[in-house]
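Me: I am new to this structure and would like a close look at a single part of it. Please take me through it carefully, with the surroundings that help me place it.

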Amino acid sequence: MKRICAVILATLTICTTVSIPSRAHSKELTILYTGDLLGHLTPAPG
Amino acid sequence: MAGGLARIAGVAQALRNEGKNVVLLDSGGLFPTDKKQVPIRLKKTLELAIDAMNAAQYDVMNLGPTELTLGSSFFRQTFQNASFPVVASNAGLKEGTEPLGKPYAILQCDEITVGVIGIMPANTFALIKPTIKVDDIKIVDPEAAVAQLLPEVRRQAQAVILLSQCNDFLTRRILMEAPGIDLAIRGNSGSRITTAKTSSCESTGVTVSRGEGATLTIPVYTASSRGAELGSVIVNIDDQGAVTVRGGRVIKIDDSVKPDLRVTAILGNDIAQTLKNRAARPRVGQK
């Protein structure tokens, strides 16, 4: 009985280990920034 | 041509359309330093700017020193229709009145929560020399204000941004002494007043100790003036909550940048004519 439990446990461990994705998940944010904004009302150069 | 703001909005919208999480910030200094402008005409121009900023979907603006030149009630009337918060972490009105701006802003951007703190110099009034009485406005030491607010902001946000109208030296000192800020963006209006210098979206870093020999470099960016450039930087947060700032770059705002048509529709092709047309009708959404 102990041996069967050990086999089941080992199988579950392997399956669990395999099912965990190894790729780290990161979140990304783009920060856009301005200043002295009234100048933006004047025509842009170029 | 509608000007830089429509094109800045165009860049932001193009990134949103690509599915990117975008935060659009302004470091302050919307009001001009020229004190010869007639307040009524200036108010109309600023209201137009704020309508355009609403359409551009600005997320937060920092209160700059020049915003206080014409006093608190002029500022409040001008900003009453702003759809974005104005942060004023170390400036407020004296007791018995409503706050001047928000002490800080918390932005929820998809899965990321960002805190924004905004400061101006303690000696703002000595710098701007207001034309009317401003004794109802209280400006406290920015270092003390940041130290007090930061733990509260940090608890709510995964990344914290400092918008600073203080000079480079003071901004860096705050970053060194107040652990928990991930990046700083300096405005130009403060430096223009003190050094008569304008700069582009340059980036430098402040290296701070994080104990046991570990160091961390916190980037400091300087916002460009006159609408010629837009600063861009990417913030990454990994699954452990570690924040990385990378990819700082300057986007030139010229004819090659496609404007946002919603902003163009507000500003028109001729600002003077747009202001004349607006004077002839009540402002949309005016309270």
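What is Lys129(B), buried or exposed, and how many other C-beta atoms are within 10 Å?

Reply: This is a predicted model, in which local features need pLDDT of at least 70 and side-chain atom pairs count only at pLDDT 80 or more, while totals for chains, interfaces and linings use all residues. Residues are numbered from 1 along each chain as its sequence is written, and chains are lettered from A and ligands numbered from 1 in the order in which they are written.

Lys129(B) is exposed, because 9 other C-beta atoms lie within 10 Å (buried means 20 or more other C-beta atoms within 10 Å, exposed 12 or fewer, partly exposed in between, with C-beta atoms placed from the backbone). Lys129(B) sits in the loop that runs between helix 4 (124-128) and strand 7 (137-139) of chain B, where helices (H or I, at least four residues) and strands (E, at least two) are DSSP runs numbered from the N terminus. The phi of Lys129(B) is near 45 degrees, a positive value in a residue other than glycine.

Gln57(B) also has a positive phi, of about 65 degrees, although Gln57(B) is not a glycine. Gln57(B) belongs to the loop between helix 2 and strand 2 of chain B, and it counts as partly exposed because it has 18 C-beta neighbours inside 10 Å.

On one side of that loop, helix 2 (residues 39-56) of chain B packs with helix 1 (residues 4-17) of chain B at an angle of about 15 degrees, their axes being 9 Å apart (axes are lines fitted to C-alpha atoms over the stretch in contact, and angles run from 0 to 180 degrees between N-to-C directions). The two helices are therefore roughly parallel, a term for angles under 35 degrees. Leu5(B), Ile8(B), Ala9(B) and Ala12(B) of helix 1 meet Ala52(B), Ala55(B) and Ala56(B) of helix 2, a contact being C-beta atoms, placed from the backbone, within 7 Å.

On the other side of the loop, strand 2 (residues 60-62) of chain B runs parallel to strand 1 (residues 22-26) of chain B, and 2 bridges join them; in strand 2, Val60(B) is the bridge partner of Leu25(B). Both strands belong to an open sheet of 6 strands, in the order 3(B)-2(B)-1(B)-1(A)-12(B)-13(B), with mixed pairing, where strands pair if DSSP finds at least two bridges between them. Its edge strands are strand 3 (86-87) and strand 13 (243-252) of chain B, each of which pairs on one side only.

Technical notes
Angles under 35 degrees count as roughly parallel, over 145 as roughly antiparallel, 65 to 115 as roughly perpendicular and the rest as oblique. Two residues are in contact if their C-beta atoms, placed from the backbone, lie within 7 Å.
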